[in-house]
Amino acid sequence: GFLTNTAVAGPGIYYGRVVGFVFTNTIHVEEETGRISLFWLGHRSRLDSRAPFFGDTVRIEYVKDALGRNAVTRITVMRRK
């Protein structure tokens, strides 16, 4: 028989401060606890405001893509630090 995974997950939401960029398609974001997460930006990522810069506080909606990465579906700059 075939084993299938039928769990459906909605988008995750992440709040943090931008602390770095890798190339043009990845962004490092730090939580208030100090944990840093990596997010992938792509052609399907939607910007609700301007592009984020270092020090900006952002709200990120993301899903896990087929490669297990945190793929950004929507990013909003909340405030400039």
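Where is the place of Phe23? The panels below, all drawn from a predicted model, begin with that residue and then turn to its surroundings.

**Panel A. Phe23 in a loop between two strands.** Phe23 is placed in the loop that runs between strand S1 (12–22) and strand S2 (26–30). Its backbone has a positive phi of about 55°, although Phe23 is not a glycine. Most residues other than glycine have a negative phi. The side of the picture that concerns solvent is equally plain, since Phe23 has a relative accessibility of 75% and is therefore counted as exposed, the cut-off being over 50%.

**Panel B. Thr26 in strand S2 and its contacts.** Thr26 belongs to strand S2 and, with a relative accessibility of 3%, counts as buried. A polar atom of the Thr26 side chain lies 2.5 Å from the backbone oxygen of Val22. When residues up to four places away in sequence are left aside, Thr26 touches Phe21, Leu38, Phe39 and Trp40; Phe21 and Phe39 return in the next two panels as members of aromatic pairs.

**Panel C. The aromatic pair of Phe21 and Phe54.** The structure holds three aromatic pairs, and one of them is formed by Phe21 and Phe54, whose rings meet edge-to-face with 5.0 Å from centre to centre and 85° between the planes. This pair links distant parts of the chain, with Phe21 in strand S1 and Phe54 in the loop between strand S4 (46–47) and strand S5 (56–64), 33 residues apart. Phe21 has a relative accessibility of 34%, and so counts as partly exposed.

**Panel D. Phe39, Tyr62 and the ring cluster.** Phe39 and Tyr62 also form an edge-to-face pair, here with 5.2 Å between the ring centres and 70° between the planes. Their pairing joins distant parts of the chain, as Phe39 lies in strand S3 (residues 36–40) and Tyr62 in strand S5, 23 residues apart. Phe39 is buried, with a relative accessible area of 1%. Ring pairs link Phe39 and Tyr62 with Tyr14 into a cluster.

**Panel E. Arg69 between a carboxylate and a ring.** What does Arg69 form with Asp65? The two residues make a salt bridge in which the closest N and O atoms are 2.7 Å apart. Arg69 also lies over the face of Trp40, at 4.5 Å from the ring centre, and Trp40 is one of the residues that Thr26 touches in Panel B. With a relative accessibility of 29%, Arg69 counts as partly exposed.

**Panel F. Further salt bridges.** How many salt bridges does a search of the whole structure find? The search finds seven, including the one between the side chains of Glu61 and Arg59, at 2.8 Å from N to O. Glu61 is buried, because its relative accessible area of 15% falls under the 20% cut-off. Salt bridges that share partners join Arg46, Asp48 and Arg74 into one network. Glu31 and Arg35 form another salt bridge, with their closest N and O atoms 4.0 Å apart. Of these two residues, Glu31 is partly exposed, with a relative accessible area of 23%, whereas Arg35 is exposed, with a relative accessible area of 52%.

Note on methods: Residues are numbered from 1 along each chain as its sequence is written. This is a predicted model: local features need pLDDT of at least 70, side-chain atom pairs count only at pLDDT 80 or more; totals for chains, interfaces and linings use all residues. Side-chain values use heavy atoms; hydrogens and water are left out. Buried means under 20% relative accessible area, exposed over 50%, partly exposed in between (1.4 Å probe, protein chains only). Helices (H or I, at least four residues) and strands (E, at least two) are DSSP runs, numbered from the N terminus. A polar contact is a pair of N or O atoms within 3.5 Å; within protein, one must be able to donate a hydrogen and the other to accept it, and residues adjacent in sequence count only if both atoms are side-chain atoms. Contact means heavy atoms within 4.5 Å. Rings of Phe, Tyr and Trp (its six-membered ring) pair if their centres lie within 6.5 Å; planes under 30 degrees apart count as stacked, over 60 as edge-to-face and the rest as tilted. A charge sits over a ring if NZ of Lys or CZ of Arg is within 6 Å of the ring centre and within 35 degrees of the ring normal.
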